[in-house]
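Trainee: Could you take me through one part of this structure slowly? I would like to see how two helices can be described together.

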Amino acid sequence: MVAGAGVTGASGGGGGSPAKLNLAYIWMISAVAALGGLLFGYDWVVVGGAKPFYEAYFHLTSETLIGWANSCALLGCLVGSIVAGLLSDRFGRKPLLILSAVLFGVSSILTGWATSFDLFIVWRILGGVAIGMASNVSPTYIAEVAPPAWRGRLVTLNQLTLVIGILGAQVVNLLIAGSGTEAATTEALRQSWVGQFGWRWMFTAVAVPSLIFLVLALLVPESPRWLVKAGRTEQAKAVFARIGGSDYAEGQIADVAQSLSHEASGQAHWRELFRPAVFAVLLMGIGLAVLQQWSGTNVIFNYAEEIYRGAGYDLSGIMFNIVITGAINLIFTLVATAFVDRAGRRALMLWGAGGMAFIHALLGGAFFMGLTGPLVLGLTLAVIALYAMSLAPITWVLLSEIFPTRVRGLAMSVSVSALWIACFGVTFTFPLLNKALGAAGTFWIYGLFCLIGFALIARFVPETKGRSLEEIETQLGLR
């Protein structure tokens, strides 16, 4: 890869004087890792637009089957995050990026051309494995190559590509659906071209960016912090030097080595997560991961059809509204990218959790009073905007920052696994809650979770902006 012009920035500890950072190179390798986020976003949300068509094709009618079809990939996400935790600390971050790219491509084609509902479920779960790997390894890799002053923006880049993937899936779904959205009945929907073939191309389309991700992932270097942990110091020094020069490399190597010297030698083990200081931080990470999901915003993406149909929109209007939600998601993720290293992580998380609690209360009230149309659309867009500039990206930033280098892969694995368990729970239960409590009661429950999250963030989550990963370890009492 071609190096760009150097830019002076914070050294991130160990070096003393400011480093001349090669930001072009830093952004380039971070962008490659962030392609995992793009595929994650597309594969995760494409099911929402394909939903009315594959449900008609496979004759899905019960809430249980509908919930299972929409949430089964999340079991794969759980498996993928666990596998990533086990393998990335042992074999490195780069091989897991490559493996996730392969799984994305293979699973997308097989899901799209599944001949039965059972096979559809199997291949969706395999795609979920790819999502779980990418969601674990991509932000970890970026955090480990990023200088402190740029880390928030660079890790948020992963969320930015994720929402680009979400918007891409929504646009592809809208373009492919075409006249299929005008079908009057379920049977007419099933017999249409979209009901027979179009929805298959919605899934298959991700194979192209998967191939691009695979090729580029072969070209990026291994994480230098992992290389130090693996005893490959000279290789790590070469990567750090490419990032910020020889003095920067020496300082970073010294910082990482000092951090590792406080911990046991040999391979990281699960039992190390139960050391009191590490376990306290792990609980914080799990709490942030669960809050991100039970804030309820993801059900708007995955169940947009039910939500907007309940608000009085027909299928054509629903598909258009889905694209609007993706556009708002993208715009406010850009806002988060601009402010994460200025306003800080904690402030954005508090603003988001508190604001979402308030909007969920209003949204539940709108459904309770039978209000429909633009008001419900506006409130859902407000929730998405707050989520996109707070809980969605900043959770990933914090998870990539708060764990010590030695057990970062394992701790990230546990937290991301908790995230996917929570995501499965909220996705699977939405049809059941919606039937039992109505949309009003369901969104009030999500608002309560946001309120609880606000209190927990205010009490336990520290500010981490501008600090090196090793300085954050000291701040959290981990060294």
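Mentor: Gladly; here is a close look at one pair of helices, followed by one residue elsewhere. This is a predicted model, where local features need pLDDT of at least 70 and side-chain atom pairs count only at pLDDT 80 or more, while totals for chains, interfaces and linings use all residues. Residues are numbered from 1 along each chain as its sequence is written, and side-chain values use heavy atoms, leaving out hydrogens and water.

Two packed helices are described by the angle between their axes and the distance between the axes. Helices here are DSSP runs of H or I with at least four residues, numbered from the N terminus. Our pair is H1 (residues 23-57) and H8 (residues 207-217), which pack at about 160° with axes 9 Å apart. The axes are lines fitted to C-alpha atoms over the stretch in contact, and angles run from 0 to 180 degrees between N-to-C directions. H1 and H8 are therefore roughly antiparallel, a term for angles over 145 degrees.

Which residues of H1 and H8 make the contact? H1 brings Val-32, Ala-33, Leu-35, Gly-36, Leu-38 and Leu-39, and H8 brings Pro-209, Ser-210, Phe-213, Leu-216 and Ala-217. Contact means heavy atoms within 4.5 Å.

Now for the residue elsewhere. Val-376 sits in helix H17 (residues 374-388). Val-376 is buried, with a relative accessible area of 0%; buried means under 20%, using a 1.4 Å probe and protein chains only. Beyond its neighbours within four places in sequence, Val-376 is in contact with Ala-311, Leu-363, Ala-366, Phe-367 and Leu-371.

Terms used:
Helices (H or I, at least four residues) and strands (E, at least two) are DSSP runs, numbered from the N terminus. Buried means under 20% relative accessible area, exposed over 50%, partly exposed in between (1.4 Å probe, protein chains only). Angles under 35 degrees count as roughly parallel, over 145 as roughly antiparallel, 65 to 115 as roughly perpendicular and the rest as oblique.
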